[in-house]
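Biologist: Could you pick a single part of this model and take me through it closely? I'd also like to know how far I can trust it before I start reading anything into it.

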Amino acid sequence: MDFSFQDLSGTFSVADIAIAMALSFVLSAMIGWVYRATHRNVSYSQSYVQTLVVLGMLISLIMLVVGSNIARAFALVGALSVVRFRNAIKETRDVGFIFLVMGVGMAVGTRFYLLAVVAAVAISLIVVVMHRFNWFALNVRRQVVKVQVPSDDDYTAAVQDVLVRHTDEFELVSMESIRGGALLELMYTVKIKKGSEPADVISGLRARNHGQAVTVLTGYDQTDL
């Protein structure tokens with residue numbers, strides 16, 4: 001029996017491997033720094049950014065392995081299809097960065113080095129510009145108002161009278177029975193009028209709901225009495 005085997009790594013040189021790994025690392029790390037610098041919310045994860053760097057290098061490695069071999073490509077698709085990821089993506093832009101490092105890794109792994117560099121730099125600059133000049137921001141700032149009222153009577157009209165005085169528009173989002181049915185919690189989305197403050201809304205509602213809890217969520221902070 002013939003137990004000999006063929007080492008297929010001869011299809012690319014050591015220089016190819018070194019260039020692909022180094023370039024994918026540098027470009028993925030640059031993308032990670034751009035993500036960190038342009039992140040606005042509190043959901044920043046160091047682990048996610050490190051994963052971006054590793055993912056870019058991993059995709060580059062996979063593309064080196066696949067090369068132009070169709071059978072090898074289908075074998076890798078079958079092997080990777082058994083992997084399941086259950087971590088939820090917190091923001092939509094996080095998905096965009098995942099696809100960006102994947103695209104860069106694919107370009108590097110297929111030895112389109114110039115394409116990888118130009119694409120990574122150009123898209124990163126676009127992200128920085130959009131962050132710097134706050135493109136596509138919506139200036140309408142809405143708040144969420146949660147008010148608890150006794151369930152033994154209809155307080156909806158009284159609550160809405162307060163909201164009419166202090167908001168330009170409001171919408172009832174949900175109504176929930178709490179504390180064993182003793183209270184109802186009403187949730188509204190509102191746009192507070194100029195000249196009014198969340199504290200005005202809270203004081204007005206507390207005068208109508210017999211001192212039950214009132215919460216105003218502004219999107220940046222929380223006022224709760």
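Modeller: Trust first, then. pLDDT is the predictor's confidence in each residue, running from 0 to 100. What you have is a predicted model, where local features need pLDDT of at least 70 and side-chain atom pairs count only at pLDDT 80 or more, while totals for chains, interfaces and linings use all residues. Residues are numbered from 1 along each chain as its sequence is written, and side-chain values use heavy atoms, with hydrogens and water left out.

Across the protein the mean pLDDT is 82, with 81% of the residues at 70 or more. Confidence peaks in helix α5, at 96, and bottoms out in strand β5 (residues 222-224), at a mean of 42. Helices here are DSSP runs of H or I with at least four residues, strands are runs of E with at least two, and both are numbered from the N terminus.

Two stretches deserve caution. Residues 2-6 stay under 50 in pLDDT, and the model gives them 0 contacts beyond four places in sequence; a contact means heavy atoms within 4.5 Å. Residues 220-225 also stay under 50, but there the model has 15 contacts beyond four places in sequence.

Since α5 has the highest confidence, let's make its packing against helix α1 our close-up. Helix α1 covers residues 14-38 and α5 covers residues 113-132; their axes are 10 Å apart and meet at an angle of about 5°. Those axes are lines fitted to C-alpha atoms, for helices over the stretch in contact, and angles run from 0 to 180 degrees between N-to-C directions. The two helices are therefore roughly parallel to each other (under 35 degrees counts as roughly parallel, over 145 as roughly antiparallel, 65 to 115 as roughly perpendicular, and the rest as oblique). On the α1 side, the residues making the contact are D16, I19, L23, L27, M30, I31, V34, A37 and T38; on the α5 side they are Y113, A116, V117, A120, V121, S124, V127, V128 and H131. Sorted by class, that comes to 14 nonpolar, 3 polar and 1 charged residues. Nonpolar here covers Ala, Val, Leu, Ile, Met, Phe, Trp, Tyr, Cys and Pro; charged covers Asp, Glu, Lys and Arg; the others, Gly among them, are polar.

Now zoom in on T38, which sits in α1. T38 is buried, with a relative accessible area of 5%; buried means under 20%, exposed over 50%, and partly exposed in between, using a 1.4 Å probe and protein chains only. Leaving out residues up to four places away in sequence, T38 touches R93, F97, V127, V128 and H131.

Then there's D16, also in α1 and also on the contact list. The structure holds 1 salt bridge, which takes a side-chain nitrogen of Lys or Arg within 4 Å of a carboxyl oxygen of Asp or Glu. The side chains that form this bridge belong to R111 and D16, with 3.7 Å from N to O. R111 lies in the loop between α4 (92-109) and α5, and D16 lies in α1, so the pair ties together parts that are 95 residues apart in sequence. D16 is buried, at 18% relative accessible area, whereas R111 is partly exposed, at 37%.

R111 is worth a second look for its backbone too. Most residues other than glycine have a negative phi. R111 has a positive one, near 70°. N134 also shows a positive phi, near 55°, and is found in the loop between α5 and β1. With a relative accessible area of 41%, N134 is partly exposed.

To put the close-up in context, the protein has 7 helices and 5 strands, in the order α-α-α-α-α-β-α-β-β-α-β-β along the sequence. Of its 225 residues, 32% are buried. Taking contacts between residues at least 6 apart in sequence, 70% join residues at least 24 apart.

If you want somewhere to look next, try helix α6 (residues 156-166), whose buried residues are T156, A158, V159, V162, L163 and H166. Their cover includes β1 (143-150), β2 (167-178), β3 and α7 (198-206). In β3 (residues 183-192) you'll find E185, which is buried at 16% relative accessible area. Beyond its neighbours within four places in sequence, E185 is in contact with K146, V147, Q148, S174, M175, E176 and I178.
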